Amino acid sequence: MGMKTLKVIKIGGDIIDDNEALLGFLKDFSNLKGPKLLVHGGGKSATDLAKKMGVEVKMIDGRRITDVHTLDIIVMMYAGKINKYIVANLQANQCNAIGFSGADGNSIISTKRPTTPVDFGFAGDVTQVNTEVLELLINQNITPVFCAITHDKNGQLLNTNADTIASELAIALAKTYQTELYYCFEKSGVLRDINDEFSVIESITPDNVQELIQNKIISDGMLPKIKNSINAVNHKVNKVCIGKSEMIFNPFTYFTSITK
Ligand SMILES: Nc1ncnc2c1ncn2[C@@H]1O[C@H](COP(=O)(O)OP(=O)(O)O)[C@@H](O)[C@H]1O
Ligand SMILES: CC(=O)N[C@@H](CCC(=O)OP(=O)(O)O)C(=O)O
């Protein structure tokens, strides 16, 4: 008997910010058959709240510099408000879901990033993913919903980019399932010209990615997505797609495919 297919789906700041879009997505997601896992960001909501609270926001290469005040804000926003709202609305659609940070079930352990060349503060690089609890749930048709928070096993919560959470989970679960990784965001894929929705790059490989980064076609928030996509295809993830969430539900949608 072959392995079951697991879909790991990541949604980002733009869809989370738009309540109607988010509820529409959660309805479609609930109707998806088969094993699935959802990862959400929420960077935009965290930035808005930080500004309201007078906490300075700094991002470098699509990653947040997380000082002690920012850490409080992101834990409240990601593991609290957003995660519980998503789980409640999956329940409203008869999708039995359970919310996770990396501390829950000891599922994702990380270490604080080295402070050179850039000090990102309380940001964690993933060192270990434990899938036992996740597999128990998934096999009972319960859907894990992850926020972008990990822990260091010494009581410290750390901020980890949501794109990285998604790829690390997809890679770790690839030993049990055929995994497919979907990065959903507001554009139709990786665009050759950021202002032209029709300029979707169909396929990106480890061979042509460097050129796209050097030519600044890929920048900002697309950098973590692409780096994590390449890492995933290099570690037995069967399929990696970047585009609008429609790509999961409608076979006629354009998107960018990352392949080996
Ligand atoms: N070539 C590109 N194609 C599409 N988006 C790009 C590209 N280069 C940079 N970007 C930027 O990356 C952003 C997506 O990253 P981010 O804002 O972190 O999204 P999310 O919150 O969904 O992870 C886009 O909104 C866009 O501004
Ligand atoms: C370290 C780091 O950058 N963490 C991210 C985690 C949230 C995230 O990735 O949100 P989006 O997917 O909506 O961008 C941040 O705080 O912005």
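Is Glu20 buried or exposed? Let's start there, and then walk along the chain. One caution before anything else: what you see on the screen is a predicted model.

Okay, Glu20. You'll find this residue in helix H2. Glu20 has 8 C-beta neighbours inside 10 Å, and the cut-off for exposed is 12 or fewer, so Glu20 counts as exposed. To give you a feel for distances, take Met77 as a partner: 57 residues separate Glu20 and Met77 along the chain, and their C-alpha atoms are 19 Å apart.

Now let's stay with H2 and look at how helices pack here. Two packed helices are described by the angle between their axes and the distance between the axes. So I'll give you both each time.

First pair: H2, which is residues 19-31, and H4, which is residues 68-91. Their axes come within 9 Å and cross at roughly 55 degrees. That angle makes H2 and H4 oblique to each other. The crossing of H2 past H4 is right-handed. Who does the touching? On the H2 side we have Leu23, Leu26 and Ser30, and on the H4 side Ile86, Asn89 and Leu90. Sort those residues by class and you get four nonpolar, two polar and no charged ones.

H4 has another partner, helix H3, and I'd like to spend a bit more time on that one. H3 runs over residues 43-52, and Gly43, Ala46 and Ala50 are buried in it. Why do I say these sit on the same side of H3? Because they cover an arc of only 60 degrees around the axis. Turn to the other side of H3 and you meet Lys51 and Lys52, which are exposed. So what do the buried residues of H3 pack against? Helix H1 (13-17), strand S4 (63-64) and H4.

Here's the geometry for H3 and H4: the axes come within 10 Å and cross at roughly 130 degrees. H3 is therefore oblique to H4. This crossing, H3 past H4, is right-handed. From H3, the contact uses Ser45, Ala46, Leu49 and Ala50, and from H4 it uses Thr70, Ile73, Ile74, Met77, Tyr78 and Ile82. You'll recognise Met77 there, the residue we used for the distance to Glu20. By class, the H3 and H4 contact has eight nonpolar, two polar and no charged residues.

And just after H3 ends, have a look at Gly54, which takes a positive phi of about 75 degrees.

Let's move along to the strands. Phe100 lies in strand S5, residues 97-100. Phe100 has 26 other C-beta atoms within 10 Å, and 20 or more is what we need for buried, so Phe100 is buried. What does Phe100 touch, if we leave out residues up to four places away in sequence? Gly105, Ser107, Pro144, Val145 and Phe146. Thr205 is 105 residues from Phe100 along the chain, and the C-alpha atoms of the two are separated by 31 Å.

Next, some backbone oddities. Most residues other than glycine have a negative phi, and most peptide bonds are trans. Keep that in mind for these three spots.

Spot one is the peptide bond from Thr116 to Pro117, which is cis, with omega near 0 degrees. Pro117 sits in the loop between strand S6 (108-112) and strand S7 (124-129).

Spot two is Lys216, with a positive phi near 65 degrees, and this residue is not a glycine. Look for Lys216 in the loop between helix H7 (209-214) and helix H8 (222-233). Lys216 is exposed, with 9 other C-beta atoms within 10 Å.

Spot three is Lys236, again not a glycine, with a positive phi of about 75 degrees. Lys236 is in the loop between H8 and strand S13 (239-243). With 13 C-beta neighbours inside 10 Å, Lys236 counts as partly exposed.

Since H8 has come up, let's finish with its packing against helix H6, residues 162-173. The axes of H6 and H8 come within 9 Å and cross at roughly 5 degrees. H6 and H8 are therefore roughly parallel to each other. H6 brings Asp163, Thr164, Ser167, Ala170 and Ile171 to the contact, and H8 brings Pro224, Lys225, Asn228, Asn231 and Ala232. By class, this contact has four nonpolar, four polar and two charged residues.

That's it from me, thanks.

How values were computed
Residues numbered from 1 in each chain as written. Chains lettered and ligands numbered in written order. Predicted model: local features only at pLDDT ≥ 70, side-chain atom pairs only at ≥ 80, totals over all residues. Axes fitted to C-alpha atoms, helices over the stretch in contact; angles between N-to-C directions. Helix = DSSP H or I, 4+ residues; strand = E, 2+ residues; numbered from the N terminus. Parallel < 35°, antiparallel > 145°, perpendicular 65-115°, else oblique. Left-handed = near helix turned anticlockwise from the far one by under 90°. Contact = placed C-beta atoms within 7 Å. Nonpolar A, V, L, I, M, F, W, Y, C, P; charged D, E, K, R; others polar. Arc of directions from axis to C-beta.
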